[in-house]
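Visitor: I have this one open on my screen, and I would like to go through it with you piece by piece. Could you bring it up on yours too?

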Amino acid sequence: MVTTAWKDWSVHSVDGTFGILFGHRPYWWVQETMIYPNQSTPCLEQFPITCETGPGSPSGHAMGSSCVWYVMVTAALSYTVGQTNKSAVTLYRVTWSFLWSVFWIIQISVCISRVFIATHFPHQVILGVIAGMLVAEAFEHTPAIQTASLRTQRNGAPIRTG
Ligand SMILES: O=P(O)(O)OC[C@H]1O[C@@H](O)[C@H](O)[C@@H](O)[C@@H]1O
């Protein structure tokens, strides 16, 4: 949710105002670039299931995926950290290697799929992965978010649930 909000904000605010993050998607870019001589423009097809209408940078899918998986991996590892006996350290190293391998396999798969269907250029998915991890880090270090509760009204009074 946070990464989606961030993407929407960046698209409508930063992109529109400063032009920092705005990026053409490949199937737009090939129609507008002047680098192809007449009649040699590559034909990139769009399909309803793959067609995205927002600007391409950063990739929302890459950003969402890296943010969610980053939080899950770091949360899982936090349960095994802090113990000093030898078997616990070995377990931590094995778990660390396994979880981060899974993390990167998933991120690379997401990135390749987005590039393969021509919704993004490579730098846009890389930026998405980095942005997702930064958002996750920022929110992991923001205690107010971890203690936030939907059961509390704005004035602090608890909401009746029963
Ligand atoms: O930028 P991408 O990778 O094409 O992803 C766009 C999508 O990003 C997601 O984060 C949003 O929830 C979707 O609404 C949006 O369509």
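**Around helix 4 and its partners**

Visitor: Where does Ala118 sit?
Guide: Ala118 is placed in the loop that joins helix 4 (86-116) to helix 5 (122-140), where helices (H or I, at least four residues) and strands (E, at least two) are DSSP runs numbered from the N terminus. This is a predicted model, in which local features need pLDDT of at least 70 and side-chain atom pairs count only at pLDDT 80 or more, while totals for chains, interfaces and linings use all residues. Residues are numbered from 1 along each chain as its sequence is written, and side-chain values use heavy atoms, with hydrogens and water left out.

Visitor: What's odd about its backbone?
Guide: Ala118 is not a glycine, yet it has a positive phi of about 65°, and it takes that value just after helix 4.

Visitor: Buried or exposed, and why?
Guide: Ala118 is buried, because its relative accessible area is 11%, and buried means under 20%, exposed over 50% and partly exposed in between, with a 1.4 Å probe and protein chains only.

Visitor: How do helix 4 and helix 5 pack?
Guide: Their axes lie 9 Å apart and make an angle of about 145°; the axes are lines fitted to C-alpha atoms over the stretch in contact, and angles run from 0 to 180 degrees between N-to-C directions. The crossing of the two helices is right-handed, the term for a near helix turned clockwise from the far one by less than a right angle.

Visitor: Which residues meet there?
Guide: From helix 4 come Phe103, Trp104, Gln107, Cys111, Arg114 and Val115, and in helix 5 they meet Pro122, Val125, Val129 and Met133, with contact taken as heavy atoms within 4.5 Å. The residues of this contact comprise eight nonpolar, one polar and one charged, where Ala, Val, Leu, Ile, Met, Phe, Trp, Tyr, Cys and Pro count as nonpolar, Asp, Glu, Lys and Arg as charged, and the others, Gly among them, as polar.

Visitor: And what's buried in helix 4?
Guide: The buried residues of helix 4 are Ala88, Leu99, Trp100, Phe103, Gln107, Val110, Cys111 and Arg114, and they pack against both helix 3 and helix 5.

Visitor: What does Ser65 contact?
Guide: Ser65 belongs to helix 3, and, setting aside neighbours within four places in sequence, it is in contact with Ile106, Gln107 and Val110. Ser65 counts as buried because its relative accessibility is 12%.

Visitor: How far apart are the ends of helix 4?
Guide: The end C-alpha atoms of helix 4 are 45 Å apart, which agrees with the 45 Å that its 31 residues should span at 1.5 Å a residue; the expected span is 1.5 Å times one less than the number of residues. Helix 5, with 19 residues, reaches 27 Å from its first C-alpha to its last, close to the 27 Å expected.

Visitor: Changing topic, what does UniProt list for 94-115?
Guide: The unreviewed UniProt entry lists residues 94-115 as "transmembrane region", in the numbering used here, with a shortened feature name and an annotation that may be inferred rather than shown by experiment. In the model that span is 100% helix and 0% strand, and its end C-alpha atoms lie 32 Å apart.

Visitor: Which peptide bond is cis?
Guide: The bond from Ser57 to Pro58 is cis, with omega near 0°, and Pro58 is in the loop between helix 2 (26-32) and helix 3 (60-78).

Visitor: How many helices and strands does the protein have?
Guide: The protein has six helices and zero strands, and 31% of its 162 residues count as buried.
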